Amino acid sequence: MVHQYQLGGYHIVLDTCSGAIHVVDEVAYDVIALYPDHTPDEIAAALMEKYAARPDVTEADLRGCIADVEALKAEGKLFTEDTFEDMAGTFKERSGDVVKALCLHVAHTCNLNCSYCFASQGKYHGDRALMSFEVGKQALDFLIAHSGSRTNLEVDFFGGEPLMNWDVVKQLVAYARTQEQPHHKKFRFTLTTNGMLIDDDVIDFSNREMSNVVLSLDGRKEIHDRLRVDYAGNGSWERIVPKFQKLVAARGGKNYYMRGTFTHANPDFLKDIQCMLDLGFTELSMEPVVCKADDPAALTEADRKIVMEQYEELAGLMLAREKEGKPFTFYHYMLDLTGGPCIYKRISGCGSGTEYMAVTPWGDLYPCHQFVGEERYKLGDVWNGVTAAALREEFRSCNAYARPACADCWAKLYCSGGCAANAYHATGSIRGVYEPGCELFRKRIECAIMMKAAEAAEAEN
Amino acid sequence: MERIKTLETRNLCESAKNGGCGECQTSCQSACKTSCGVANQKCESAEK
């Protein structure tokens, strides 16, 4: 499939099935658009007429451009046929029942009371609870036992607020480390925290043991404090920002992300990005809120228009800062064109319910953190493993080709069919599509690729 | 090619031949947790 778009002064052509990206001028852009349904003579005639006032556009030149397009097609870099559908389920079939990543809900409780929290203030519509060491240890044993030949195992300490169960987190990390050598595994831990309980011990331990730390900050104080409040209704910004700054300063270059959520209150989220930059943070992620359409925090259609413009401005800001020697990272614009994921990763879906599961404080397994609390989506538990085999098969069959709505979407090899939980919450089916999220996703990918075009042009000059 | 510049990218069709080791990071095990994507993951087969 070919996708053409113009952004930031660039004419960009994606050959989605080969992964090739072409940066072209407007003449080649038109040639490529006409090529599938027109003969070379028709293309030459049409474009000679369109560019009659352009002395640089001659018939010979147009014929040369058409020949270039044909050459790229012959090389498998343009108009590449989509032959991946039959492969889409094979990776998960081949992987069997391998599990390689767990989201451990070590605390179904929180010391903040954020109204937009998809986990309903950490309780996931259930009781408050902390995971015991025994349950966590069993979860790690379950992961090791079901990880097959995978070396890299990922464990995210999540909640609620995981620092409310910090001693168990530390014990679980210590236990996992003792299991790495005997089982030939490598654990990568992530801590996701609201920052309220960060102290020197948390900083030292996290910077030693956590491969990644995700720090929740919505940006501007007035935005953050609207929703991220404690149970007395007081904002948390003043209390957490210095702690985050101290943790990041001590992190020594290891991975971290400032992770914010934007809502109806701040579709102009670039101001929040700017705030994070001003605070000295450079690894940033801002996510559109996930909630019901009638929630006051939900993004409206008008908001989404603003967000789309903000994404473009964000790309511009990133390019400008790069030139100034002050680069920063935006999680969704990270693209490694030469070292990115293989086709299996791109077509196999997100892995929820198969290689990735969430574990509740009492040891129940769910397809992912966003399904916790949905009783019908309980997969099993860490003692008996997956007992809802049909449910696991339902998730196994989710891939980039599983959703009819994705059939004609150019971005499906970038999102792999999108988020099953968002689809479920929006449509009642994990095979549905959360279109507002898709619209924003496509924009982010267009921006990220435009940045690559700009960087290539800059390098050439 | 005068009017077309092609960026260097990984050939996805070629990656079908030796891809699928499964060592790369699970999509949601990262910074997002709410909006899945796979394009920004890193291939880890060489590090296996």
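What follows is a chat about why certain labels apply in this predicted model.

Reader: Why is A:Cys447 said to be in no disulfide?
Author: A disulfide needs two cysteine sulfurs within 2.5 Å. For A:Cys447 the nearest cysteine sulfur belongs to A:Cys409 and is 15 Å away, so no bond is called.

Reader: And what makes B:Cys24 too far for a bond?
Author: Its closest cysteine sulfur, in B:Cys21, is 6.3 Å off. The cut-off is 2.5 Å, so that pair doesn't qualify either. Over all chains the count comes to zero disulfides.

Reader: Why are A:Cys447 and B:Cys24 called buried?
Author: Buried means under 20% relative accessible area. A:Cys447 comes in at 0% and B:Cys24 at 13%, so both get the label.

Reader: What makes A:Arg392 and A:Asp97 a salt bridge?
Author: Their side chains meet at 3.2 Å, N to O, and the limit is 4 Å, so the pair counts. A:Arg392 sits in helix H13 of chain A and A:Asp97 in the loop between H4 and S4, 295 residues apart.

Reader: How do you know which of those two is buried and which is partly exposed?
Author: A:Arg392 has 12% relative accessibility, which is under 20%, so it is buried. A:Asp97 has 39%, which falls between 20% and 50%, so it is partly exposed.

Reader: Why does A:Lys323 with A:Glu458 count as a salt bridge?
Author: The N to O distance is 3.8 Å, and that is still within 4 Å, so the rule accepts the pair. The partners are in helices H11 and H16 of chain A, 135 residues apart. A:Lys323 is called exposed because its 63% is over 50%, while A:Glu458, at 45%, is partly exposed.

Reader: What ties the loop between H4 and S4 to strand S6?
Author: That's A:Lys100 with A:Glu154, whose closest N and O atoms are 2.8 Å apart. A:Lys100 lies in the loop and A:Glu154 in the strand, so the pair ties together parts 54 residues apart in sequence. Both residues are buried.

Reader: How do you know that salt bridges cross between chain A and chain B?
Author: The rule finds four across that interface. A:Arg188 and B:Glu44 meet at 2.6 Å, N to O, within the 4 Å limit, so they form a salt bridge. In contact here are 82 residues of chain A and 43 of chain B, and the two chains bury about 5200 Å² between them. H16(A) supplies the largest share of chain A's side, seven residues.

Definitions and conventions. Residues numbered from 1 in each chain as written. Chains lettered and ligands numbered in written order. Predicted model: local features only at pLDDT ≥ 70, side-chain atom pairs only at ≥ 80, totals over all residues. Heavy atoms only, no water. Buried < 20%, exposed > 50% of the residue type's maximum accessible area, 1.4 Å probe, protein only. Contact = heavy atoms within 4.5 Å. Buried area = accessible area lost by both parts, 1.4 Å probe. Helix = DSSP H or I, 4+ residues; strand = E, 2+ residues; numbered from the N terminus.
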